[in-house]
Amino acid sequence: MAAYYDDLETRSQDAREADQLSQAQALVARIQAAVGAAWPSGALADLADLRRFPVLRKSDLGGWQSARPPFGGVEMGDYTHLFQSPGPIYEPGHVEKPDWWRFARFLHAAGFGAGDVVQNCFAYHFTPAGMMFESGARAVGAKVFPAGTGQTELQAQAAHAMGITAYAGTPDYLKVILDKADALGLSLGITKAAVGGGALFPSLRQEYADRGIACLQCYATADLGNIAYESDAMEGMIIDEGAIVEIVTPGTGDPVPEGEVGEVLVTALNPDYPLIRFATGDLSAVLPGQSPCGRTNRRIKGWMGRADQTTKIKGMFVRPEQVAALVARHAEVTKARVIATRAGEADAMEVQLETPASDPAPYAASLKEVLKLSGTVTLVPEGSLPKDGKVIDDQRVYD
């Protein structure tokens with residue numbers, strides 16, 4: 001099998017950015033034509049220029065869709081399927097265009113190809129996950145058993161009878177099938193696994209390796225398709241060629257310095273379903289350097305928690321967007337962190353601010369105006385707050 005799925009994976013960064021800019025310009029122009037004055041005008045000069053466009057959050061998408069179902073009044077491109085994810089959120093899909101969700105590169109990197117029979121244990125109903133992995137598997141030449149979820153004994157029996165060689169599904173369900181096969185005395189020939197939709201813990205990956213199964217994971221969503229994936233180098237996740245990824249301070253569209261943790265924003269270069277600066281609600285960070293596998297695109301560290309840190313304190317919701325507004329109100333403040341604790345049976349709030357200022361009094365008034373709460377203000381030196389992507393740290397313990 002060829003080392004790479006196509007030449008795009010090893011092109012120079014300059015060539016990649018020029019190609020992605022051309023695609024992004026076309027998507028932006030299309031959305032501007034559809035929504036008019038509701039969106040910033042003007043063409044993209046470069047990829048960094050994406051920052052002047054608004055962040056699109058899932059809550060925004062749901063609101064638009066509920067007002068004008070199914071897609072908020074925006075005309076989608078060509079599609080063959082409609083899906084519904086929790087929310088509800090509606091997504092288009094296409095099974096006739098090869099690899100519409102961009103999973104082929106991941107499956108190729110995981111060793112899937114012609115001669116493989118894939119047991120696809122992602123759901124095929126309502127949500128698009130099953131179709132996503134199937135389209136990628138077919139694009140790399142593999143055959144697919146559309147197993148879906150549940151019925152573990154039948155899954156094990158089918159894997160044995162069909163000569164299944166590869167698994168696609170959540171990280172933990174493969175172990176359930178393997179254990180059931182052991183209990184039934186069935187031998188399975190699975191040697192590779194492509195997983196997503198949950199955490200792949202190192203101990204579980206090692207358990208699969210001990211069984212002779214190479215297990216790699218991807219990072220994807222129902223809205224965006226595949227965003228990033230592991231290769232056999234297993235050093236971070238390589239961003240897919242059809243996605244532009246930004247890492248920003250949670251609650252804002254402002255980029256964090258490279259290597260710092262922030263919220264993942266994705267622009268999916270899909271002309272049939274244009275999503276610009278879509279907020280995943282997940283935390284990650286850019287991993288510097290290039291993958292040892294030879295793929296040249298940027299890498300992220302993978303899933304590092306949730307960016308939507310909305311927390312109720314003293315009966316009031318505090319949101320990352322409010323913390324960002326608090327920082328923006330004071331030019332000398334570079335960063336803030338809200339810490340929720342308990343004082344006896346009551347909630348307590350401390351707000352730590354990175355600033356050269358020495359008097360906390362002016363900031364106390366801002367807390368009441370922006371966060372709608374009072375609390376302790378602690379001034380700390382610039383650069384002293386953790387670079388972990390948290391702007392709201394809930395330290396309360398409920399026994």
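Which residue in strand 19 does Glu-354 stand opposite? The partner is Val-380. The legends below set this pair in its sheet, then move to other parts of the model. The model is predicted.

**View 1. Glu-354 and Val-380 in the pairing of strands 18 and 19.** Strand 18 covers residues 346-354. Strand 19 covers residues 376-380. The two strands pair in the parallel sense. Their pairing runs over 5 bridges. Glu-354 faces Val-380 across this pairing.

**View 2. A four-stranded open sheet with mixed pairing.** The sheet has 4 strands, in the order 19-18-17-20. Its pairing is mixed. Strand 19 and strand 20 (392-394) each have a single partner strand, so one side of each is left without a neighbour in the sheet. From one strand to the next, the twist averages 20°. Strands of a sheet can pair parallel or antiparallel, in both cases through backbone hydrogen bonds.

**View 3. Ala-340 between two partners.** Strand 17 runs antiparallel to strand 18, and 9 bridges join them. On that side, Ala-340 stands opposite Met-349. Strand 17 also runs parallel to strand 20, with 3 bridges joining the two. Here the bridge partner of Ala-340 is Asp-394. Ala-340 thus links to Met-349 in strand 18 and to Asp-394 in strand 20.

**View 4. Helices 8 and 9 against the strands.** Helix 8 spans residues 320-329 and packs on the sheet. It touches strand 17 (335-343), strand 18 and strand 20. The direction of helix 8 makes about 125° with that of strand 17. Helix 9 spans residues 361-371. It lies across strand 17, strand 18 and strand 19. Helix 9 runs at about 120° to strand 18.

**View 5. A three-stranded antiparallel sheet.** This open sheet has 3 strands, in the order 10-11-12. Its pairing is antiparallel. Strand 10 (243-248) and strand 12 are the edge strands, and each pairs on one side only. The twist averages 25° from one strand to the next. Strand 11 covers residues 262-268 and pairs with strand 12 over 5 bridges. Gly-262 has Ser-284 as its bridge partner in strand 12.

**View 6. The largest pocket and its lining.** The largest pocket holds about 940 Å³ of space. It is lined by 40 residues. Gly-196, Gly-197, Gly-198, Tyr-219 and Ala-220 are the closest to its centre. Helix 4 (129-139), strand 7 (214-221) and strand 12 (275-284) each give two or more residues to the lining. Strand 7 gives the most, with 5 residues. By class, the lining has 22 nonpolar, 12 polar and 6 charged residues.

**View 7. The one cavity of 30 Å³ or more.** The structure holds 1 cavity of 30 Å³ or more. The largest cavity contains about 60 Å³ of space. Its lining includes Pro-92, Trp-100, Trp-101 and Arg-102. Ala-222, Asp-223, Leu-224 and Gly-225 are also among the lining residues. Ala-268, Asn-270 and Tyr-273 line the cavity too. The lining divides into 7 nonpolar, 2 polar and 2 charged residues.

**View 8. Two backbone details in loops.** Most peptide bonds are trans, and most residues other than glycine have a negative phi. The peptide bond from Pro-69 to Pro-70 is cis, with omega near 0°. Pro-70 sits in the loop between helix 2 (58-67) and strand 1 (81-85). Asp-99 has a positive phi, near 55°. Its loop lies between strand 2 (89-93) and helix 3 (104-109).

**View 9. The annotated span, residues 111-266.** An unreviewed UniProt entry gives residues 111-266 the annotation "domain: AMP-dependent synthetase/ligase". The span is 28% helix and 27% strand. Its end C-alpha atoms lie 26 Å apart.

Key
Residues are numbered from 1 along each chain as its sequence is written. This is a predicted model: local features need pLDDT of at least 70, side-chain atom pairs count only at pLDDT 80 or more; totals for chains, interfaces and linings use all residues. Side-chain values use heavy atoms; hydrogens and water are left out. UniProt positions are given in the numbering used here, feature names are shortened, and annotations may be inferred rather than shown by experiment. On a 1 Å grid over the protein atoms alone, a cavity is a set of points where a 1.4 Å probe fits but cannot get out, and a pocket is an open set with protein on both sides within 12 Å along at least five of seven lines; lining residues have an atom within 4 Å of a point. Grid points are joined across faces, edges and corners, and a volume is the space filled by probe spheres set on the points. Ala, Val, Leu, Ile, Met, Phe, Trp, Tyr, Cys and Pro count as nonpolar, Asp, Glu, Lys and Arg as charged, and the others, Gly among them, as polar. Two strands pair if DSSP finds at least two bridges between them. Axes are lines fitted to C-alpha atoms, for helices over the stretch in contact, and angles run from 0 to 180 degrees between N-to-C directions. Contact means heavy atoms within 4.5 Å.
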